Amino acid sequence: MPVRIFDERDLERVGAVLQSGQLSSIGGAVTAEFERAFAEAVGARFAVAMNSAMSVLHASVAAAGAGAGDEVICDPICVFGAVATMYNNAVPVFVDVDPVTLTMNPDLIEGKITERTKALIVTHVWGLPAEMDRIVEIAHRHHIIVIEDCAHSLFATFKGKQTGTWGDIGSFSFQMSKQMALGDGGMGVTDNEELAKKLDLFGGAPTFHSVAYGLHWNYRITEQTSAIGLAQLEKARDYVNELIEIGKLYDEAVGNCPWLTIQKAPYPAQHTYHFWAAVFWGDRHGIEKEAFQRVLQEENCTVNIGYTNMPAYKHPVIAQRMGYGRGCPLDCPFYTGSHNQYPEGLCPVAEEVIPRLVLVYTFSHKDFHKRNAEALHRVIERLS
Ligand SMILES: Cc1ncc(COP(=O)(O)O)c(C=O)c1O
């Protein structure tokens with residue numbers, strides 16, 4: 001562990017679906033059972049399963065009422081929240097991250113709120129919860145819907161309460177790399193019945209039904225995926241506990257190294273390590289990145305350096321206004337905000353930190369990580 005275990009339990013459940021001949025969630029009971037079980041596991045009232053987390057994010061932004069002319073506050077390390085905003089033809093507005101937690105900096109939110117702001121999407125990036133009490137308080141004071149992107153943070157907690165249950169909607173991913181992997185899939189959770197109904201128009205309702213309420217996408221999950229979901233949910237806590245152990249191995253290997261700062265929270269939070277993350281500041285301590293990379297290789301230490309090397313707003317889909325064409329959403333005639341939303345230096349912390357990110361994907365054998373963490377420790381000793 002952790003390696004994903006697909007065994008008789010999964011086969012039994014999928015077999016039952018196939019034998020029933022009822023493979024669609026319309027008319028089937030397995031997806032509804034998966035939704036109930038997932039809601040209970042994270043501590044939410046309602047859950048709506050879909051075919052991916054991007055689908056859940058799209059539906060969540062729509063449920064928040066954001067569309068052409070509106071703004072959605074996003075964080076700039078991952079691009080997903082911003083892309084979901086653009087699915088709805090709304091404008092992503094970026095709030096910079098904290099250099100240590102790498103999550104949205106609550107101090108900077110209020111300065112970005114306008115009369116156009118409808119929602120805020122906060123990413124618990126790599127599995128570390130953002131500072132949710134402050135973020136929710138600020139957003140709700142301005143009547144803004146909070147969507148938590150929990151694609152990395154299954155079972156992570158902030159002040160003892162799970163991510164996905166602090167804001168108005170939590171979005172989870174079951175894509176194959178994630179803590180709970182079903183091939184593909186996603187889940188939206190909420191305590192708000194109205195929002196649950198709106199999510200259901202994308203995830204549950206037959207199209208004939210959902211079109212009565214406006215334009216919705218068919219993002220239904222299949223009964224077979226939900227069947228695997230039920231089986232994997234029984235194992236997911238064990239996976240996550242093991243990922244936390246793996247994260248600790250790297251934390252211990254790095255210790256208080258001044259030029260490699262670990263992603264951690266100054267507030268009570270349980271990180272669940274979709275990736276273990278740190279930031280390389282070696283150049284400020286006389287250690288060049290090239291030397292770091294060379295010694296990593298010599299010590300056979302596997303890390304990823306630099307992630308995408310750019311903040312979300314420099315990705316072509318946003319920077320070159322590819323969206324739905326004709327420059328929308330920024331150049332949409334309904335949009336009354338600044339059309340120069342994404343200048344160089346917009347989020348100076350993200351711009352500085354992203355190329356310096358040191359990431360380890362945690363979901364593989366613990367023995368590998370023991371060796372890899374020891375190798376990282378040797379790298380630090382050699383260069384310090
Ligand atoms: C932070 C984050 N949000 C959303 C997604 C989208 O997930 P999915 O592939 O299930 O659509 C991902 C996928 O990698 C992600 O990392």
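H271 touches G127, L128, A156 and G247, residues up to four places away in sequence being left out of account; contact here requires C-beta atoms, placed from the backbone, to lie within 7 Å. The model is a predicted one, in which local features need pLDDT of at least 70 and side-chain atom pairs count only at pLDDT 80 or more, whereas totals for chains, interfaces and linings use all residues. Residue numbers start from 1 along each chain as its sequence is written.

H271 lies in the loop between β11 and β12 (275-280); strands (E, at least two residues) and helices (H or I, at least four residues) are DSSP runs, numbered from the N terminus. H271 counts as buried because 26 other C-beta atoms lie within 10 Å. The classes are set by the number of other C-beta atoms, placed from the backbone, within 10 Å of a residue's own: buried at 20 or more, exposed at 12 or fewer, and partly exposed in between. H271 and P129 are 142 residues apart in sequence, yet their C-alpha atoms are 6.6 Å apart in space.

P129 also belongs to the surroundings of S153, which is in contact with H124, G127, P129, T163 and T272, its neighbours within four places in sequence being set aside. S153 sits in the loop between β5 (145-149) and β6. With 34 other C-beta atoms within 10 Å, S153 is buried. Its C-alpha atom is separated by 9.1 Å from that of K178, 25 residues away along the chain.

The strands that flank these loops lead to an open sheet of 3 strands, ordered β7-β6-β11, with antiparallel pairing; two strands are taken to pair if DSSP finds at least two bridges between them. Its edge strands, each paired on one side only, are β7 (161-162) and β11 (269-270). Strand β6 (residues 157-158) pairs with β11 in the antiparallel sense over 2 bridges, and T157 stands opposite Q270 in β11.

Beyond the loop of H271, β12 is mostly covered, with 5 of its 6 residues buried. Strand β14 (residues 357-361) runs antiparallel to β12, the two being joined by 5 bridges. In β14, V358 is the bridge partner of A278, and Y361 is that of F275. Strand β10 (residues 260-262) is likewise antiparallel to β12, through 3 bridges, and places I262 opposite A278. Strand β13 (residues 304-305) is joined to β14 by 2 bridges, again antiparallel; here V358 is the bridge partner of I305.

A further open sheet consists of 7 strands in the order β1-β9-β8-β5-β4-β2-β3, with mixed pairing. Its edge strands are β1 (46-50) and β3 (91-94), each of which pairs on one side only. From one strand to the next the twist averages 25°. Helix α2 (residues 30-42) packs on this sheet, where it touches β1 and β9 (186-190), and its direction makes about 125° with that of β1. Such angles run from 0 to 180 degrees between N-to-C directions, and axes are lines fitted to C-alpha atoms, for helices over the stretch in contact. At the other end of the sheet order, strand β2 (residues 71-74) and β3 pair in the parallel sense over 4 bridges, with I73 opposite V93.

Helix α2 also packs against helix α8 (residues 223-254), at an angle of about 35° and with the axes 8 Å apart. On the side of α2 the contact is made by V30, T31, E33, F34, A37, F38 and A41, and on that of α8 by E223, S226, A227, G229, L230 and L233. These residues divide into 8 nonpolar, 3 polar and 2 charged; Ala, Val, Leu, Ile, Met, Phe, Trp, Tyr, Cys and Pro count as nonpolar, Asp, Glu, Lys and Arg as charged, and the others, Gly among them, as polar.

In helix α4 (residues 80-87), G81, A82, A84, T85 and M86 are buried. They pack against α3 (53-63), β2, β3, β4 (117-123), β5 and α10 (316-319). After α4 comes N89, whose phi is positive, near 65°.

The ligand remains to be placed. Around the ligand are S52, A53, M54, C78, F80, T123, D149, A151, H152, S173, Q175 and G186, a residue being included if its C-beta atom, placed from the backbone, lies within 6 Å of the molecule. This shell comprises 5 nonpolar, 6 polar and 1 charged residues.

Definitions and conventions:
Contact = placed C-beta atoms within 7 Å.
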